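Here are a few short exercises to help you find your way around a new structure. Try each one yourself before you read the solution.

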Amino acid sequence: MTAVRTAPVTATPPADQPPVPPDRRRVPYLLLLPGLLWLAVFFVVPLFTLVSTSLQTGSLEEGYALTFSWSTYGGVWTTYGRQLLRSFCYAGSATVLALLIGYPLAYAIAFKAQRWRNVMLVLVVAPFFTSFLLRTLAWKIVLADDGWVVGTLQAVGLVSDTGRLLATPAAVVLGLTYNFLPFMVLPLYASLEKMDPLLLEAASDLHATPMTAFRTVTWPLSLPGVVAGTLLTFIPAAGDYVNVQFLGTPTSQMIGNVIESRFLTVLDYPAAAALSITVMAAVLVLVLAYVRRVGARELL
Amino acid sequence: MPERAGQQHGPRDLRLVGLRKAFGSAVAVDDLSLTIPAGSFFALLGPSGCGKTTTLRMVAGLEIPTAGQVLLGDEDITRRRPYERPVNTVFQSYALFPHLSVEENVAFGLRRRGRKDVKGVVAEMLALVELAGFGRRRPGQLSGGQQQRVAVARALINEPEVLLLDEPLGALDLKLRRQMQLELKRIQTSVGSTFVHVTHDQEEAMTMADTIAVMNAGLVEQLGSPRELYERPASRYVANFLGQSNCLDGSVVATQGDETLVEVHGVRLLVPGRLGPPGSPASLGVRPEKARALPWDAALPADSAVRDPALRNAIPGTVTDVSFTGLSTQYVVRTAWGEDLGVFSQNAGGEAPVLRGDTVVVAWRPEHTFPLAPASVVAEEAAEQPLPRPAVPPTMAPLGS
């Protein structure tokens with residue numbers, strides 16, 4: 001019998017082997033230390049501050065005090081539920097668009113680009129050399145009413161003669177798609193690039209048409225990249241407020257705009273904090289449901 | 001997807017007609033014509049880079065020939081897509097789908113052709129390759145030999161008319177390879193498909209194949225059964241790629257009936273067959289195990305040697321090396337003109353021991369001599385033998401059997 005003996009890798013070492021010296025055992029913890037410190041100072045502590053702020057009551061004039069009141073949460077949900085939903089719709093649309101644009105692009109870079117591969121990867125990342133704000137402002141010019149994009153679309157009849165792009169939900173979704181596209185492309189590329197092209201030859205040899213081979217081999221093997229790419233696009237897009245500010249209208253605000261104005265304009269800190277926590281929790285629930293659904297937990 | 005072509009007719013030969021493949025200016029396969037009989041175990045044997053894998057890929061449809069045709073019976077499949085051919089491949093690196101279980105890997109081809117009730121067939125196929133009970137594992141959890149058998153099962157389950165094996169045993173260790181060789185031969189006999197096996201391992205080809213085509217630089221050098229190729233190699237290349245040979249160059253002295261007398265540095269040797277008019281160059285070879293190294297006095301007197309056929313072909317020389325391997329003793333005998341001849345003497349007892357420095361006669365029967373393509377054509381290349389990567393011979397016509 002040629003059965004594989006699945007002896008546990010972590011079997012206890014034979015007695016005659018010397019025990020691992022104590023210095024060696026400390027190494028992993030030492031390596032973890034900088035990251036843990038960073039997270040403690042810049043994530044855990046602010047998170048606690050945020051939670052405690054959300055449980056304060058009072059007013060700007062009298063000052064806020066920690067009263068462990070959960071009422072703020074109910075208030076923000078009823079007042080800003082619409083913006084929260086809109087955020088997820090915009091972010092979801094942008095994620096789907098980015099996937100539709102990014103997958104063929106990543107596929108081409110991984111399998112077809114050959115010696116242009118590195119050039120194309122640099123081009124994907126190139127927008128990062130300019131500031132996020134500048135890039136979004138540039139889109140304002142691109143989508144302007146007298147710009148060539150609107151002109152062309154009007155000429156072919158896709159937009160009515162009085163129609164516009166700027167200050168529409170479409171403009172916001174386009175801006176989000178553009179801004180987060182590299183976060184989609186790079187993980188997709190990483191997972192596709194790992195795939196052995198021979199597998200596609202094998203699939204073809206085993207009577208799979210190119211479409212079937214994609215569905216049964218390429219796509220499942222790229223799922224970790226799809227999951228990583230969609231999360232990296234969706235999560236920051238859902239919390240974004242710059243694109244609405246520049247490309248949208250005050251009536252189409254996303255939750256990020258609300259939090260920004262609560263914190264910086266109205267100075268209603270408890271509401272802003274409660275909103276932040278709500279968004280975080282909602283995103284977390286969505287992400288868990290999504291990852292579960294895709295079944296990519298074991299792949300990640 | 002079209003129904004599998006193989007179902008409407010009986011066994012069909014695989015025919016390659018004038019097949020040629022060039023990658024840019026590099027010619028991988030050059031005007032290759034072969035007929036591989038239905039149901040045979042056929043080996044394409046050659047060193048790496050000789051075009052054998054490219055040939056296989058053209059049969060699989062993974063490479064489009066620059067010229068020529070691939071035919072199954074009379075049906076031209078040259079331009080058919082790989083997924084439309086009744087041909088399946090066992091890849092060198094197996095190319096198992098890492099995200100699918102062993103069962104799903106094996107069922108892959110059937111599912112693509114729309115078969116639903118695959119469970120029973122898959123279980124049967126896994127039993128055939130002795131992997132029953134491994135169906136739920138992932139390929140990554142199997143050993144190399146097990147993965148190899150999954151790859152065989154995955155291809156065979158489609159009942160291909162032709163199964164292509166691209167050095168499938170290359171990654172296995174020697175013992176496992178031996179075992180798999182016999183296994184593959186057994187499976188081939190039981191399913192009856194045509195197997196085309198690409199390998200650079202002459203022993204593997206000899207063990208498994210009914211017919212071997214020895215390839216060199218994009219051409220078939222010689223085609224035949226393992227025994228034919230071994231006993232009657234047509235060129236130095238084949239003589240040294242399959243086992244070892246002593247090759248000698250000389251010129252024709254006279255033709256005596258169906259034999260030719262060839263003079264090699266003053267020694268007259270008898271070679272079966274007619275090698276051309278007197279004075280024309282001729283080459284011949286003999287296997288080391290067919291030759292004997294006899295002490296000088298045992299071979300004398302010279303005229304008795306003429307009468308004893310076992311001593312008819314005899315070359316005097318000096319033993320320069322003796323290595324005893326238990327099973328046999330290997331001698332190296334240097335001739336008067338400085339050429340080294342190998343002699344394997346089986347350790348059956350009875351032969352007088354020969355020591356280093358002894359003057360001996362290397363003798364063999366004329367019928368054990370095989371004529372070779374004249375040295376003028378292959379001299380350059382012969383100097384390189386038996387290295388696995390020979391220089392490309394300047395002009396070498398494909399030799400039939």
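pLDDT is the predictor's confidence in each residue, running from 0 to 100. You'll need that straight away, since this is a predicted model.

**Exercise 1.** Find where pLDDT stays under 50 in chain A.

*Solution.* Start with the whole chain: chain A averages a pLDDT of 88, and 91% of its residues score at least 70. Next, look for the stretch that stays under 50: that's residues 1–11 of chain A. Finally, check what this stretch touches: the model has 5 contacts for it beyond four places in sequence.

**Exercise 2.** Work out which elements of chain A have the lowest and the highest mean pLDDT.

*Solution.* At the low end sits strand β2 of chain A (residues 63–66), with a mean of 82. At the high end is helix α7 of chain A (residues 198–205), with 96.

**Exercise 3.** Describe the side of chain A that touches chain B.

*Solution.* First, count: 17 residues of chain A are in contact with 23 residues of chain B. Then ask which elements give two or more residues to that side of chain A: they are α7 and α8 (210–239) of chain A. Of these, α7(A) gives the most, with 6 residues. Last, sort the residues on this side of chain A by type: 9 are nonpolar, 5 polar and 3 charged.

**Exercise 4.** Sketch the make-up of chain B.

*Solution.* Begin with secondary structure: chain B has 11 helices and 20 strands. Now turn to burial: 43% of the 401 residues in chain B are buried. To finish, take the chain B contacts between residues at least 6 apart in sequence: 65% of them join residues at least 24 apart.

Conventions:
Residues numbered from 1 in each chain as written. Chains lettered and ligands numbered in written order. Predicted model: local features only at pLDDT ≥ 70, side-chain atom pairs only at ≥ 80, totals over all residues. Helix = DSSP H or I, 4+ residues; strand = E, 2+ residues; numbered from the N terminus. Buried ≥ 20, exposed ≤ 12 C-beta atoms within 10 Å, placed from the backbone. Contact = placed C-beta atoms within 7 Å. Nonpolar A, V, L, I, M, F, W, Y, C, P; charged D, E, K, R; others polar.
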